[in-house]
Amino acid sequence: MGSQAALGQASLFIPLDDPVYEDIRLAQTLGLLHELHPDRLPYTALEVRRAATGGDHPLVQAVLHALPRSASEAGTGYTGRMGLRAASHRRLDPARPLEDAELYPYLESGLHYLDGRLVARAAFRADAYWDRDPDGLDSVLRAFMRNDQSYVGLAGDRASLHLGRIATHWGLPGGSGLLVSENARSFDALQFRLGNDTWTLTSMLGELDSMTGDGRFTGTAGDDSVRTGSDRRWMSAHRLDWTPSPRFTLSILEAALFSGPNAGLSLKYLNPTQFLVLAVDNRPKNEENNALLGVMITARPDAWLLHAQLMVDDVDLFFGDEPASFAAAVVAEHRVRPRLVMRAHAEAVASRTYNTFQPEGRWLYLQRGIATQFSDYVQTRLGAEFSNAAFNLHIEPYLQGIWQGERDIRQPFRFDDTFATLLVGTVERSLRAAVRVRARRDRGYLILDAGFNRISNDRHISGALRTQPVITFGSGWRWNVGPAN
């Protein structure tokens, strides 16, 4: 694989909902932290520390200050986070509001051990949103808790191997991941990485929730298996990254969700060098499957961050056997001044994407999308971020539009070809004008997103109009105990 720098010794992963990722993304747009892979998350604390070595920019120093020291130091440590999220509506996404204000406290607590290339972390998270999620299934039945960010792993000079629940996102921090994203709850997976600074192969094999034999997603299919049977569901995903320079990355991605009454740990899907596009339907075919292919490009020329994704679902599209089924997104960010960044984002997901004729093949985990939560939509967003890195204060006014068709990943698949590829039926149109403010000091942070939403054809009822103020708020604090507090 060449003679580039080693991937490094073991370190803790930085959870994907940590606000430090927003600082990292902004730093990369400003021309900093280019050693970090732009769209393969999560990062480890050690990766970020090494990328920030020698950086004296206040934003880089703020990133370093946000990382727990024990997360990359040998020995036994303890890290935790707690906070509160509140919203004037039940869904935390301010662009898609629901009725009723809610408060969602959370607590994450974990012990870890680091010894050279070995890492082990045992952690849990109690989260009220995971209990009352309006889109997904309740995943915290016991005391609002579930294991999360719990894993064991080995990090070698050219490879790493981890087993556990590690939230994964293939896309820009805080942006879309059209194949694998942080939208779903973390699930049990084996993750493997091999390569150097130029070529990297990343692979994961994960166990999803089973479906009852009569086609229901309950999250407790095992309880019903005696009466109805159940179909076990697994996901395999690979990506090959080519990074000829720190400012350009081309990635080829593929994934398959495979399922069946006896589906299990499959050697075919475990092997990261097998092309899934060739493996899923060739004989022997022992399981049902739903496969996706994709390409992702990230470029970081001076004062710019450019990113594009294209996913095709499924590979039959190339042979013209069915209407187009795709997801696409483009991002452009430009540093106008040292403290001002302009942003533009556009995204489209077709009406059939992430769905298939066998319900167990839907791209879902506990009814949350493994990639996006919704399908059959087009959205755009324009914004500007004003930053004061010395005080770690960021203000972003933005304008966001969403055109949402009537199809949904969780609906039964339609076999006829008479409905539109994109934006089916009465299209709900939403426009949001808002400002987002975030600030962090020492070990705490605050995030406020406040604005107005105007929704026409509300709930896909022609002529229905809803206008409402929508506010979300988040605050949190973390702590760290270890050999290097």
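# Notebook: cavities, strands and odd backbone angles

I started with empty space and found that the structure holds six cavities of 30 Å³ or more. Note to self: this is a predicted model. I picked the second largest cavity, which has about 190 Å³ of space. It is lined by 16 residues, and Phe13, Pro15, Pro68, Thr79 and Arg81 are the closest to its centre. Which strands supply at least two residues each of that lining? I get β1 (75–87) and β22 (465–481). The largest share is from β1, with three residues.

**Strand pairing around β3**

Next I looked up the partners of β3. Strand β2 (residues 102–115) runs antiparallel to strand β3 (residues 118–127), and 10 bridges join the two. As one entry in that ladder, I noted Tyr106, whose bridge partner in β3 is Asp127. The hairpin of β2 and β3 has two residues between the strands, and Gly116 there takes a positive phi near 65°.

I then followed β3 to other strands. It pairs with strand β5 (residues 150–155) in the antiparallel sense, over four bridges. Ala120 has Val152 in β5 as its bridge partner. How many bridges link β3 and β4? I count three, again with the strands antiparallel. In this pairing Arg125 stands opposite Arg146 of β4, so I wrote down an Arg facing an Arg.

**Helix α1**

I checked how covered α1 is. Nine of its 10 residues are buried, so I logged it as mostly covered. The buried set is Val20, Tyr21, Asp23, Ile24, Arg25, Leu26, Ala27, Gln28 and Thr29. Asp23 and Arg25 are on that list along with side chains such as Ile24 and Leu26. Just after α1 comes Gly31, with a positive phi of about 90°.

**Backbone oddities**

A reminder before this part: most residues other than glycine have a negative phi, and most peptide bonds are trans. I went looking for exceptions.

Two cis bonds went into the notebook. The peptide bond from Leu41 to Pro42 is cis, with omega near 15°. Pro42 sits in the loop between α1 (20–29) and α2 (45–51). A cis peptide bond also joins Arg283 and Pro284, where omega is about 5°. I located Pro284 in the loop between α7 (276–279) and β12 (288–299).

For positive phi outside glycine, I noted Phe144, with phi near 60°. Phe144 is in the loop between α4 (128–132) and β4 (145–147). I also noted Asp376, which is not a glycine either and has a positive phi of about 60°. Its place is the loop between β17 (368–369) and β18 (377–388).

Is Asp376 buried or exposed? It is buried, because its relative accessible area is 0% and the cut-off is under 20%. Phe144 has a relative accessible area of 43%, so it counts as partly exposed.

**A nonpolar patch**

Last entry, on the surface. Phe386, Phe391, Leu393, Ile395 and Val435 make a nonpolar patch of about 440 Å². I took Ile395 as my sample residue and placed it in strand β19 (residues 393–404). Ile395 counts as partly exposed because its relative accessibility is 34%. That value also clears the patch cut-off of over 30% relative accessible area.

Note on methods: Residues numbered from 1 in each chain as written. Predicted model: local features only at pLDDT ≥ 70, side-chain atom pairs only at ≥ 80, totals over all residues. Heavy atoms only, no water. Patch = residues over 30% accessible without salt bridge, like charges linked within 9 Å, V, L, I, M, F, W, Y side chains within 5 Å. Areas by Shrake-Rupley, 256 points an atom, 1.4 Å probe, with all protein chains shown as cover. Salt bridge = Lys/Arg side-chain N within 4 Å of Asp/Glu carboxyl O. Buried < 20%, exposed > 50% of the residue type's maximum accessible area, 1.4 Å probe, protein only. Pairing = 2+ DSSP bridges. 1 Å grid on protein atoms, 1.4 Å probe; cavity = no way out; pocket = protein on both sides within 12 Å on 5 of 7 lines; lining within 4 Å. Points joined across faces, edges and corners; volume = space filled by probe spheres on them.
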